Amino acid sequence: MDVVESIADVRRWVRNAKSSGKTVGFIPTMGALHDGHLSLIEAAKRQHAAIVVSIFVNPTQFAPHEDLQRYPRPRERDLELCRNAGAGLVFYPAVETMYPPGSSTFVEVKGLTDRWEGAIRPGHFLGVTTVVNKLFQIVQPNAAYFGQKDYQQQAVIKRMVRDLDMPLEIVTCPTMRDADGLAMSSRNAYLSADQRRAGLCLSRALAEGKKLWHRGTEPQEISQVLQQQIGAEPEVHLDYATVADVDTLEPLESRGMMAVALVACRVGSTRLIDNDLWQS
Ligand code: AMP
């Protein structure tokens with residue numbers, strides 16, 4: 001496995017891979033890797049012979065009061081996990097490589113970024129779409145792999161790729177969970193044992209919501225149940241809970257064939273998000 005920090009080195013590696021007939025699968029991450037990230041690498045390996053992982057804690061997607069400074073950066077452990085998972089190249093750029101002085105161009109997806117994470121974290125998606133666009137330009141992969149865990153993010157990326165005619169496929173992979181049901185996240189490392197238990201209210205509420213969905217309950221009523229359940233958990237601050245259209249992410253006013261339940265909360269100073277897709 002190669003580890004490189006410069007854009008020129010990534011381009012050279014990808015050019016070589018493509019000229020030997022390989023297609024390139026790309027997994028963008030912020031590191032502190034867990035089995036969720038590794039499942040994306042596994043999925044990419046099933047379709048592509050050349051696997052590129054980027055590890056970059058992207059400052060532009062953090063608001064000033066957020067956890068940019070304390071975000072975990074276990075470099076050696078991450079590289080070992082990538083090596084064992086079968087990555088061919090890890091791109092580990094410095095902030096100045098991605099944002100040289102004078103950087104002033106941003107990519108914005110309007111509308112889809114207004115609600116939910118976009119409302120709670122103003123500017124977050126502007127940072128995400130800008131950095132993911134840059135990474136796509138640098139790596140030029142045939143496909144990029146994202147987790148359903150960040151449902152709105154993958155929806156926003158798909159919209160960007162469609163609207164800007166980017167020549168790659170976006171693949172969304174299922175959410176990986178710990179045995180207790182908590183969706184895996186690099187931020188789970190911040191949680192105490194008690195906070196972790198409290199955070200399980202998200203997956204519990206989603207399971208309850210799913211039962212109601214299959215019983216034919218109206219989406220707005222399910223949203224209220226999600227909000228009540230999460231809101232009733234001591235030590236948990238509800239950010240949002242909704243049953244929404246899978247494409248527009250607007251709250252569903254009546255039942256259709258499909259829905260996505262999106263939930264988010266804060267436990268202490270740690271933000272947790274989760275979601276589930278429901279079919280009639
Ligand atoms: P991050 O390092 O948090 O930026 O995440 C990098 C990628 O891994 C994103 O596409 C996430 O959606 C995905 N991811 C994070 N957690 C999980 C999980 N529990 N299951 C599947 N994918 C995940």
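**Exercise 1. Determine which side chain R271 meets in a salt bridge, and place that pair in the contact between the domains.**

Solution. The model is a predicted one.

Step 1. The side chain of R271 forms a salt bridge with that of E117, the N to O distance being 2.6 Å. This distance satisfies the 4 Å cut-off for a salt bridge.

Step 2. The domain bounds are 2-173 for domain 1 and 186-274 for domain 2. E117 therefore falls in domain 1 and R271 in domain 2, given the assigned bounds.

Step 3. Between domain 1 and domain 2 the count is three salt bridges. The count of residue pairs in polar contact between these domains is eleven, with both residues at pLDDT 80 or more.

**Exercise 2. State which elements of domain 1 give two or more residues to the side that touches domain 2, and describe that side by class.**

Solution.

Step 1. The elements in question are α5 (117-120) and α7 (151-163). Of the contributions to this side, that of α7 is the most, at four residues.

Step 2. Sorted by class, this side of domain 1 comprises nine nonpolar, eight charged and four polar residues.

**Exercise 3. Quantify how much area domain 1 and domain 2 bury between them.**

Solution.

Step 1. The C-alpha centres of the two domains are 26 Å apart. Domain 1 supplies 21 residues to the contact, and domain 2 supplies 19 residues.

Step 2. Interface size is often expressed as the accessible area that is lost when the parts come together. For domain 1 and domain 2 this buried area is about 1800 Å², with 54% of it on carbon and sulfur atoms.

Step 3. Within domain 1, the residues that lose the most area to domain 2 are R70, W116 and Y151, which together account for 36% of what that side buries.

**Exercise 4. Identify which residues are closest to the ligand and which polar atoms lie by its oxygen and nitrogen atoms.**

Solution.

Step 1. The ligand is surrounded by 16 residues, the closest being M30, H37, D150, M176 and M184.

Step 2. For oxygen atoms of the ligand, a polar side-chain atom of D150 lies at 2.6 Å, and a backbone N or O atom of G147 lies at 3.0 Å.

Step 3. For nitrogen, a polar backbone atom of M176 is 2.8 Å from a ligand nitrogen atom.

How values were computed
Residues are numbered from 1 along each chain as its sequence is written. This is a predicted model: local features need pLDDT of at least 70, side-chain atom pairs count only at pLDDT 80 or more; totals for chains, interfaces and linings use all residues. Side-chain values use heavy atoms; hydrogens and water are left out. Contact means heavy atoms within 4.5 Å. Buried area is the accessible area (1.4 Å probe) that two parts lose on being put together, summed over both. A polar contact is a pair of N or O atoms within 3.5 Å; within protein, one must be able to donate a hydrogen and the other to accept it, and residues adjacent in sequence count only if both atoms are side-chain atoms. Ala, Val, Leu, Ile, Met, Phe, Trp, Tyr, Cys and Pro count as nonpolar, Asp, Glu, Lys and Arg as charged, and the others, Gly among them, as polar. A residue is near a molecule or strand if one of its heavy atoms lies within 4 Å of it.
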